[in-house]
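User: Could you take me through one part of this model in detail? I would like a close look at the place where the ligand sits, along with the backbone features worth checking by eye.

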Amino acid sequence: MDEFGYDLGRLHDWLAGSARGFSRRDLLKLTAAAGVAGPAAQASSTPPIIKQAAGQASAPPASPVQAAGPIVKPLPPELFTVFGSNAEMRWSAMAGQGHLVPVDRFFVRNHTSTPIIDRDTWRLELTGAGLRRGPVFYSYDELRRFPSVTMTTAVECAGNGRSFFTSQQGQTVSGTAWQLGAIGVARWRGVRLSTLLHHAGLGRNAVDLMPSGLDPHYVTGGVDLGPVRRPLPLLKALTDVLVAYEMNGSPLPPDHGAPARLIVPYWIGISSIKWLGRIEVADEPLFSPWNTQFYRLFGPGYPVDGRPFNRQVIKSAFELDRNAQLPAGRRVRLTGRSWSASGAIKHVEVSTDGGTRWRRARPVGAGEGAAWQRWELDWLPAAGAHELLARATDVRGNTQPDVAAYNELGYLFDAVVRHPVVAA
Ligand SMILES: Nc1nc2c(c(=O)[nH]1)N[C@H]1C(S)=C(S)[C@@H](COP(=O)(O)O)O[C@H]1N2
Ligand SMILES: [Mo]
C-alpha cells in the first residue's frame, strides 16, 4: 500500500471509532471538556480519559534528569530566534557553511524540555502483539554493535514557514511562528529500524508502530497527553527509517535526542521521535494526539476531522536575515538553499525585483541524499528597498506556488517567500 492509501485507510479506521491509542471519541471528549468546537482547540483543566496504547504505563528503564532550561545548548542571538522551548536557526547563520548544519545552529523543537538520559542505563524497548516474542530491550552498546548506516537527511518541522501564512497571506493560524529556520540537514549514523525489528522478531501480523519519547509528558491546557509519540506505518519503518545515535560524526547531543532518536526521511519532523525509549509494534491501527489532534490539515476544504499527512513539501530560503543590509552599487553574491521531500531540486529561479523578472540560480555542489540543494546568484543592487524571491522546482515537476493552501494549524507552507532587503 502507498502512503496515500495508508492515510486514507487510517482515516476510515479513525472515523469508525475502531482506533486504539487515541480514538475519535477521546478527541471529542477532550474538545468538549475544553468547551470549544474545533479539534485544534487548546484543552481544558478537566483531564480526559485517554486510553493509552498497551504497556504505556510501564516505567521506562532509565529515569531521565531535567536540565535547568528547556534547551541545553547555548542559543546565541546571532544563530537562533527563541520561542519558549523551541529555537529556530537564523538563515544568515548558514552563509559560508557547507552542506550540513553544524549542531551549534541546528534548530530545536521541544514539546516540553530536553531530558538528560544516562546512556549506560538507557534501554530501547520493543514490545507489542506484532512481535513474535517480547518485550526485547537493547542497550546503547548493543545498538552500536549492529551494522550501521549513515544518511544525510533533513529534519524539518511541519510548521516551518508558518508565520508567512499571516505576514504574507493575511491568515490566522495557531502554533509557533516559525520563519524558515525550522529545518536542519545533518549526517545521521545508526541502525536501520528494519534491522532492529527483524532482530526483535517482527510478526507477520504487525501493522503499525508507536515510537515514544522519554521527555516529560506533554501537558496542554491542564490535560496530560502522555509521552510524545506518533504512529509510524510498518511500510515506512521498513523502508528508510534510522535509529540514529550519531549526528555529524559525534554522539547525538542531548537536545537532538540522545542517546538515540528516529530519523524518518522526507516526513514531517514530529515523525523523528527524539529520546526514543520504546517502540510498540501493534497488530492493529494505532493513533495518538500527534496524528489526530495535531499534524492534520484542518479548515475549509478539509474533512471535519482533518486530513492526515506525513510528507514534507518544497521550499527555498536565502542565507540572509530579513531586512538584511547590502552594499548599494556593488556586486553581491546571493546564496540560498532549496529542498523538496518529493525528489531532488531541478532548478531554482530567483527574482530581485519583487517577482517581475526571474533568473536561474547556479547550483552549488550536488544535492546530496534526502537533503537540500545549495545555489547562488550575483546581483548588483541599486540603493533602496528590494524584495527577493526564490522559487524551486523538483525533478517530479513540483514547484513553489505563489500562495500556500491554508490550514488552521499552519502546516506545509510551500509558497514563494518574499524576502525584504535594503541596499545602502
Ligand atoms: N520525544 C520527542 N521527540 C520529538 C519532539 C519532542 O518534543 N519530543 N519534537 C518533534 C518535532 S515537532 C520536531 S520538528 C523534531 C525536531 O528535531 P530537533 O529538535 O532535533 O531539530 O523532533 C520531533 N521529535
Ligand atoms: Mo515539528
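Analyst: Happy to. Let's begin with a loop: Trp-275 lies between strand S16 and strand S17, which spans residues 276-282. Keep in mind that this is a predicted model. Trp-275 is worth a look for its backbone, as its phi is positive, at about 45 degrees, although the residue is not a glycine.

Lys-274 takes us from there to the ligand. Of the 20 residues around ligand 1, Lys-274 is among those that come nearest, together with Phe-107, Asp-215, His-256 and Arg-261. Sorted by class, this shell holds 10 nonpolar, six polar and four charged residues.

Now for the polar contacts. On the backbone side, an N or O atom of Phe-107 lies 2.7 Å from an oxygen atom of ligand 1. Arg-109 also takes part through its backbone, with a polar atom 3.0 Å from an oxygen atom of the ligand. His-256 uses its side chain instead: a polar atom there is 2.7 Å from an oxygen atom of ligand 1. As for cover, the ligand taken alone exposes 540 Å², and the protein buries 100% of that.

The empty space tells a matching story. Rolling a probe the size of a water molecule over the atoms shows where empty space is left. Searching the whole structure turns up three cavities of 30 Å³ or more, and ligand 1 sits in the largest cavity. That cavity contains about 260 Å³ of space. Its lining is made up of 20 residues, and those nearest its centre are Arg-109, Arg-261, Gly-269, Ser-272 and Lys-274. By class, the lining has 10 nonpolar, six polar and four charged residues. Arg-261 and Lys-274 are thus named both among the residues that come nearest the ligand and among those nearest the centre of the cavity.

Two cis peptide bonds round off the tour. One of them joins Ala-258 and Pro-259, with omega at about 5 degrees. Pro-259 belongs to the loop between strand S15 (250-251) and strand S16 (261-263), and Arg-261 from the ligand shell falls within the range of S16. The other cis bond runs from Gly-134 to Pro-135, with omega near 0 degrees. Here the proline is found in the loop that links strand S6 (123-127) and strand S7 (136-139).

Definitions and conventions:
Residues are numbered from 1 along each chain as its sequence is written. Chains are lettered from A and ligands numbered from 1 in the order in which they are written. This is a predicted model: local features need pLDDT of at least 70, side-chain atom pairs count only at pLDDT 80 or more; totals for chains, interfaces and linings use all residues. Side-chain values use heavy atoms; hydrogens and water are left out. A residue is near a molecule or strand if one of its heavy atoms lies within 4 Å of it. A polar contact is a pair of N or O atoms within 3.5 Å; within protein, one must be able to donate a hydrogen and the other to accept it, and residues adjacent in sequence count only if both atoms are side-chain atoms. Accessible areas come from the Shrake-Rupley method with a 1.4 Å probe; for residues, only the protein chains shown count as cover. On a 1 Å grid over the protein atoms alone, a cavity is a set of points where a 1.4 Å probe fits but cannot get out, and a pocket is an open set with protein on both sides within 12 Å along at least five of seven lines; lining residues have an atom within 4 Å of a point. A molecule sits in a cavity or pocket if more than half of its atoms lie within 2 Å of its grid points. Ala, Val, Leu, Ile, Met, Phe, Trp, Tyr, Cys and Pro count as nonpolar, Asp, Glu, Lys and Arg as charged, and the others, Gly among them, as polar. Grid points are joined across faces, edges and corners, and a volume is the space filled by probe spheres set on the points. Helices (H or I, at least four residues) and strands (E, at least two) are DSSP runs, numbered from the N terminus.
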